[in-house]
Amino acid sequence: MSDLYRHPEHYDIAFTWDLGPEIEFFGRVFAEHVPFPVRRILEPCCGTGRFLLELPRHGYSVTGYDRSPEMLEYARRRVADLGDPVAARAVGGDMVTALFDREFDAALNSINSIGYLLSDEEIVAHLRNTGASLVKGGVYIVHIACEWEGEPDLGQNTWTMERDGLSVTTTWRIESEDRDARLSQQVCTMEIDDHGKKSSHTFRETLRLWRHYDLKELVSRSQALEYAALYSESFERLPPGTRATGEMGNLYHVLRAV
Ligand SMILES: C[S@@+](CC[C@H](N)C(=O)[O-])C[C@H]1O[C@@H](n2cnc3c(N)ncnc32)[C@H](O)[C@@H]1O
């Protein structure tokens, strides 16, 4: 397990931005692709619970699961502060095995978290279980970046966020892409300034190197989901047949439960 997720208090500062536009986009996807009102959402890899806090404000109830004890503990504390156990809850679970019996209308997997599943077998198991956790016709929105056509280049991917006098400057970069092994080696550095006390951590992340057609093939192997649509980083629907590449950033793949 990556040490990145042993520091939820730093992760949460670094990755907290306004989720409103993304949640409104999810609402549009639901309206377009799901033939019934979406109320109950599942979030695999819920992390510190960013979406667990925000989705209830938009009228959804949400269950998140995560395999990191530290992230889960942090998410649980925040959900408890919400004071509404029906609107949001965080439970322990692993993407390979987590299964809920058709309890949800939709599922969300944000910022490439599904990339922590490295083998085809793990991914198919996850897609099969997530499809079976959704009511038929419900959707799973998966947010991932695919392999680059040219050299991977995230540009100046450094940002600083601050909360209560604690500032976190994060730099995320792709170190290499192994196209044969389908692995992407990525490096995340966090420089912390905690009221003048400075420290820094570097985390090495191994993620699945996605190819657009891999995802489609694995979805069809799951027999529980079908590929429905692709949306850009700026929430625009891309024409069928668009080939997703790293140059296009993190895209939203919409999968429908069958
Ligand atoms: C990039 S964070 C995303 C968290 C959250 N979705 C968000 O938007 O902030 C990735 C999360 O995936 C979790 N994770 C990684 N592999 C997992 C697995 N196999 N099963 C469940 N959670 C996993 C990590 O513990 C971490 O909390």
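User: Which residue in S8 stands opposite Ser-167?

Analyst: In this predicted model, Asp-193 in S8 is the residue opposite Ser-167. Another such position is Thr-171, which faces Thr-189 in S8.

User: What makes strand S7 and strand S8 a pair?

Analyst: Strand S7 (residues 166–178) and strand S8 (residues 183–194) are joined by twelve bridges in the antiparallel sense. Pairing requires at least two bridges, and twelve satisfies that, so the two strands count as paired. Four residues lie between the strands of this hairpin, where Arg-182 takes a positive phi near 55 degrees.

User: How do you know that S8 and S9 pair, and in which sense?

Analyst: The cut-off is again at least two bridges. S8 and S9 have twelve, in the antiparallel sense, and therefore meet it. Within this pair, Thr-189 stands opposite Thr-202 in S9, and Val-187 has Arg-204 as its bridge partner in S9. The hairpin of S8 and S9 has two residues between the strands, and His-195 takes a positive phi near 55 degrees there.

User: Why are strand S6 and strand S9 said to stand at the edges?

Analyst: The four strands form an open sheet in the order S6-S7-S8-S9, with antiparallel pairing. Strand S6 (158–163) and strand S9 (197–208) each have a single partner strand, so one side of each is left without a neighbour in the sheet. On average, neighbouring strands of this sheet are turned by 20 degrees against each other, direction ignored.

User: Which strands stand at the edges of the seven-stranded sheet, and why?

Analyst: That open sheet has the order S3-S2-S1-S4-S5-S11-S10, and its pairing is mixed. Its edges are strand S3 (88–92) and strand S10 (225–231); each has a single partner strand, so one side of each lacks a neighbour in the sheet. The twist from one strand to the next averages 20 degrees.

User: What makes S2 and S3 a pair?

Analyst: Strand S2 (residues 61–66) and S3 share five bridges in the parallel sense. Since at least two are required, five bridges make them a pair. One position in this pairing is Val-62, opposite Ala-88 in S3.

User: Which helices lie on this sheet, and at what angles do they run?

Analyst: Helix H5 (residues 120–133) lies across strand S1 (40–44), S2, strand S4 (104–109), strand S5 (134–144), S10 and strand S11 (251–257), and its angle to S5 is about 135 degrees. Helix H6 (residues 212–222) packs on the sheet and touches S5, S10 and S11; its direction makes about 150 degrees with that of S10.

User: Why is the approach of Tyr-11 to the ligand called a polar contact?

Analyst: A polar side-chain atom of Tyr-11 lies 2.7 Å from an oxygen atom of the ligand. A pair of N or O atoms qualifies within 3.5 Å, so the Tyr-11 pair at 2.7 Å is a polar contact. A polar side-chain atom of Ser-110 likewise lies 2.7 Å from an oxygen atom of the ligand. At Met-95 a polar backbone atom is 2.9 Å from a nitrogen atom of the ligand; that value is also within 3.5 Å, so it qualifies as well.

User: How much of the ligand does the protein bury?

Analyst: The ligand exposes 600 Å² when taken alone, and the protein buries 98% of that.

User: What makes up the shell around the ligand?

Analyst: The ligand is surrounded by 19 residues, of which the closest are Tyr-11, Cys-45, Arg-50, Asp-66 and Ser-110. By class, the shell has nine nonpolar, five polar and five charged residues.

How values were computed: Residues numbered from 1 in each chain as written. Predicted model: local features only at pLDDT ≥ 70, side-chain atom pairs only at ≥ 80, totals over all residues. Heavy atoms only, no water. Near = heavy atom within 4 Å. Polar contact = N/O pair within 3.5 Å; in protein donor to acceptor, adjacent residues only side chain to side chain. Areas by Shrake-Rupley, 256 points an atom, 1.4 Å probe, with all protein chains shown as cover. Nonpolar A, V, L, I, M, F, W, Y, C, P; charged D, E, K, R; others polar. Axes fitted to C-alpha atoms, helices over the stretch in contact; angles between N-to-C directions. Contact = heavy atoms within 4.5 Å.
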